[in-house]
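Q: Got a minute to walk me through this fold? I'd like to start with the sheet and then get into the packing.

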Amino acid sequence: AADEFVQRVVVFQRERLAAIPDKYRKYAKFAEKSGKPLSVLDKPPAILVAPYFPTATLDDRGWHRTNVEMIRRTKAQAGGIPVFAVILADTLLLARYVQQIAADYSAAGADGFLLWPDGFSGYQDPAALRVVSNAVTALSAQSRPVILMYGDAFSLALHYAGLAGFACGICYGESKLSTED
């Protein structure tokens, strides 16, 4: 079941997210007539994101081992496309276990990390800012790119800690709790 789950996620990313939706394909003919064909038609993704679950603990009751296995399985099906692992955890867990998470995810074959400090924003207390900065430093020490999800202006300073990039989240926003609807 896990292989089928991973396969469906990989196929979705490789085929559905990398292609122009059918309803917009009709516009490709207009671009071709103008001599500038759409270059985005059916391009493979730059990265694949391994399926993931929020990490609340590294023991057997949590999702950490499952996330590691999802990275391994995604890597086996990636066909040479880099696989990024999502690290979705609160700052307390990151403060204690980011080194272990980085080592485990790297050993599983992650080519990069998408860091999602649950509920984090750059407007928090200095201790939380330090935790995220230390997490970026620890992850980038694995010689893999680190991209901060739900970044804000603080993300610009994290470049000096090794941050390769940041996003304003999936669709929008500078912070997000994993439990939000």
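What follows is a quick chat about the sheet, the cores and a pair of helices.

Q: What kind of model is this?
A: It's a predicted model.

Q: OK, the sheet. What's the strand order?
A: It's an open sheet of five strands, ordered β1-β2-β3-β4-β5, and the pairing is parallel.

Q: Which strands sit at the edges?
A: β1 (48–49) and β5 (165–166), each of which pairs on one side only.

Q: How many bridges are there between β3 and β4?
A: Three bridges, in the parallel sense, joining β3 (residues 112–117) to β4 (residues 146–148). As for single residues, L115 has L148 in β4 as its bridge partner.

Q: Which strands does helix α5 lie across?
A: α5 (residues 91–107) lies across β2 (83–89) and β3. Relative to β2, the helix runs at about 160 degrees.

Q: Switching to the inside. How many residues are in the largest nonpolar core?
A: That core has 39 residues. I87, Y105, L115, L139 and L158 have the most contacts inside it.

Q: And which elements supply it?
A: At least two residues each come from α1 (2–16), α4 (64–77), β2, α5, β3, α6 (126–140) and β4. The top contributor is α6, which gives eight residues.

Q: You listed I87 there. What does I87 touch?
A: Leaving out residues up to four places away in sequence, I87 touches L94, I101, Y105, F113, L114, L115, W116 and L139.

Q: Which residues are in the other core?
A: That one lies apart from the largest core and has seven residues, including V86, L88, L114 and M149.

Q: Back to the helices. How do α5 and α6 pack?
A: Their axes are 9 Å apart, at an angle of about 5 degrees. Angles under 35 degrees count as roughly parallel, so α5 and α6 are roughly parallel to each other.

Q: Which residues make that contact?
A: From α5 you have T91, L94, A95, V98, Q99 and A102, and from α6 there's V131, V132, A135, A138 and L139. By class, the contact of α5 with α6 has nine nonpolar residues, two polar and no charged ones.

Q: Last one: S106. Buried or exposed?
A: S106, which lies in α5, counts as buried because its relative accessibility is 11%, and the cut-off for buried is under 20%.

Q: What does S106 touch?
A: F113, Q142 and R144, again not counting residues up to four places away in sequence.

Technical notes. Residues are numbered from 1 along each chain as its sequence is written. This is a predicted model: local features need pLDDT of at least 70, side-chain atom pairs count only at pLDDT 80 or more; totals for chains, interfaces and linings use all residues. Side-chain values use heavy atoms; hydrogens and water are left out. Two strands pair if DSSP finds at least two bridges between them. Helices (H or I, at least four residues) and strands (E, at least two) are DSSP runs, numbered from the N terminus. Contact means heavy atoms within 4.5 Å. Axes are lines fitted to C-alpha atoms, for helices over the stretch in contact, and angles run from 0 to 180 degrees between N-to-C directions. A nonpolar core is a set of buried Ala, Val, Leu, Ile, Met, Phe, Trp, Tyr and Cys residues joined through side-chain atoms within 4.5 Å. Buried means under 20% relative accessible area, exposed over 50%, partly exposed in between (1.4 Å probe, protein chains only). Angles under 35 degrees count as roughly parallel, over 145 as roughly antiparallel, 65 to 115 as roughly perpendicular and the rest as oblique. Ala, Val, Leu, Ile, Met, Phe, Trp, Tyr, Cys and Pro count as nonpolar, Asp, Glu, Lys and Arg as charged, and the others, Gly among them, as polar.
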